[in-house]
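The following paragraphs go through one protein model, from its overall make-up to single residues. Keep the sequence and the structure in view while reading.

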Amino acid sequence: MAFHLFRASRVAKDLAAGGVSPREQAGYLVISFLAWTLPFYLYLIPSPVSDDPIFLGWMWLAEFFAVVAIFVAGVYHCLRKCRVNPRANFLVDFSCLYSPVAVTTSIVIWGTFHLLATLPLWMAERADSESETLGALPWLSSAYAYDVLRLAFYLAALLVIFWRVGAHMDRLSALRQP
């Protein structure tokens with residue numbers, strides 16, 4: 001079978017047909033780890049920019065609890081969508097579907113973030129008209145607003161990924177049912 005990095009629907013069809021080898025399963029698992037690790041190390045998912053330690057502490061705490069809650073709820077949501085022999089299928093299905101969904105969702109979500117946050121700032125710096133441009137985009141003139149926007153995009157990415165993986169697992173269960 002072919003490796004489908006950007007087509008979760010194709011991965012679901014291959015899984016339903018029993019056509020994803022253990023080596024390909026391992027490859028999807030590696031990609032799912034890299035889908036989050038590489039963007040952080042390449043700074044595509046930005047760190048908070050505020051230098052206020054109290055604000056950063058509360059943001060970190062809110063982000064931590066929200067991320068944990070989303071991961072726990074998201075994994076159990078996906079488990080509920082795995083209706084055909086979840087004991088045997090869930091972990092493999094989840095690992096294989098998570099990879100293309102995380103890659104494509106991250107490209108869209110973080111691409112949109114950078115179009116809204118990074119590109120205008122870069123353009124304003126090049127045009128030397130920072131004060132006019134930044135006033136129209138409050139997240140560029142306030143570290144607090146930027147950090148809240150970054151958090152919103154991060155949480156949205158997680159929510160969308162789990163929602164999409166669950167939808168593909170639901171579809172995969174329908175393909176497996178006789």
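The protein exposes about 10200 Å² of surface, and carbon and sulfur atoms supply 69% of that area. The model is a predicted one. Of its 178 residues, 40% count as buried. Taken along the principal axes, the C-alpha atoms fill a box of roughly 65 × 30 × 25 Å.

The protein has 8 helices and 0 strands, and along the sequence its pattern reads α-α-α-α-α-α-α-α. Consider contacts between residues at least 6 apart in sequence: 79% of these join residues at least 24 apart.

Which residues touch the most other members of the largest nonpolar core? In this core of 42 residues, they are Trp36, Phe94, Leu97, Tyr98, Trp110, Val165 and Met169. Helices α1 (8–16), α2 (22–41), α3 (53–81), α4 and α8 (143–176) each supply at least two residues of the core. The largest share, 13 residues, comes from α8. Val165 shows what such a core residue meets: leaving aside neighbours within four places in sequence, Val165 is in contact with Cys78, Phe94, Leu97, Tyr98 and Val101. Among these partners, Phe94, Leu97 and Tyr98 are also on the list of residues that touch the most other core members.

Now turn to α1. The buried residues of this helix are Ala8, Val11, Ala12, Asp14 and Leu15. They lie on the same side of α1, because they cover an arc of only 165° around the axis. An α-helix has 3.6 residues a turn, so residues three or four places apart point the same way. What covers the buried residues of α1 includes α2, α4 and α8. After α1 comes Gly18, whose phi is positive, near 70°.

Helix α3 can be checked by its length. At 1.5 Å a residue, its 29 residues should span 42 Å, and the end C-alpha atoms are 41 Å apart, so the two values agree. At the N-terminal end, α3 is capped by Asp52, which has a side-chain oxygen 3.1 Å from the backbone nitrogen of Ile54. The buried residues of α3 are Phe55, Met59, Glu63, Val67, Ile70, Gly74 and Cys78. These residues pack against α4 and α8. Two of them reappear in contacts with residues already named or still to come: Cys78 touches Val165, and Glu63 touches Arg150.

Arg150 has its place in helix α8. Is this residue buried or exposed? Arg150 counts as buried because its relative accessible area is 3%, under the 20% cut-off. Not counting residues up to four places away in sequence, Arg150 touches Pro46, Ser47, Pro48, Glu63, Trp110 and Phe113. Of these partners, Glu63 is one of the buried residues of α3, and Trp110 is one of the residues that touch the most other members of the nonpolar core.

Ile107 gives the opposite case. This residue is found in helix α4, which runs over residues 86–116. Its relative accessibility is 52%, over the 50% cut-off, so Ile107 counts as exposed. The C-alpha atom of Ile107 is separated by 9.8 Å from that of Pro39, a residue 68 places away along the chain.

Conventions
Residues are numbered from 1 along each chain as its sequence is written. This is a predicted model: local features need pLDDT of at least 70, side-chain atom pairs count only at pLDDT 80 or more; totals for chains, interfaces and linings use all residues. Side-chain values use heavy atoms; hydrogens and water are left out. Helices (H or I, at least four residues) and strands (E, at least two) are DSSP runs, numbered from the N terminus. Buried means under 20% relative accessible area, exposed over 50%, partly exposed in between (1.4 Å probe, protein chains only). A nonpolar core is a set of buried Ala, Val, Leu, Ile, Met, Phe, Trp, Tyr and Cys residues joined through side-chain atoms within 4.5 Å. Contact means heavy atoms within 4.5 Å. The arc is that of the directions from the helix axis to the C-beta atoms. The expected span of a helix is 1.5 Å times one less than its number of residues. A polar contact is a pair of N or O atoms within 3.5 Å; within protein, one must be able to donate a hydrogen and the other to accept it, and residues adjacent in sequence count only if both atoms are side-chain atoms. Accessible areas come from the Shrake-Rupley method with a 1.4 Å probe; for residues, only the protein chains shown count as cover.
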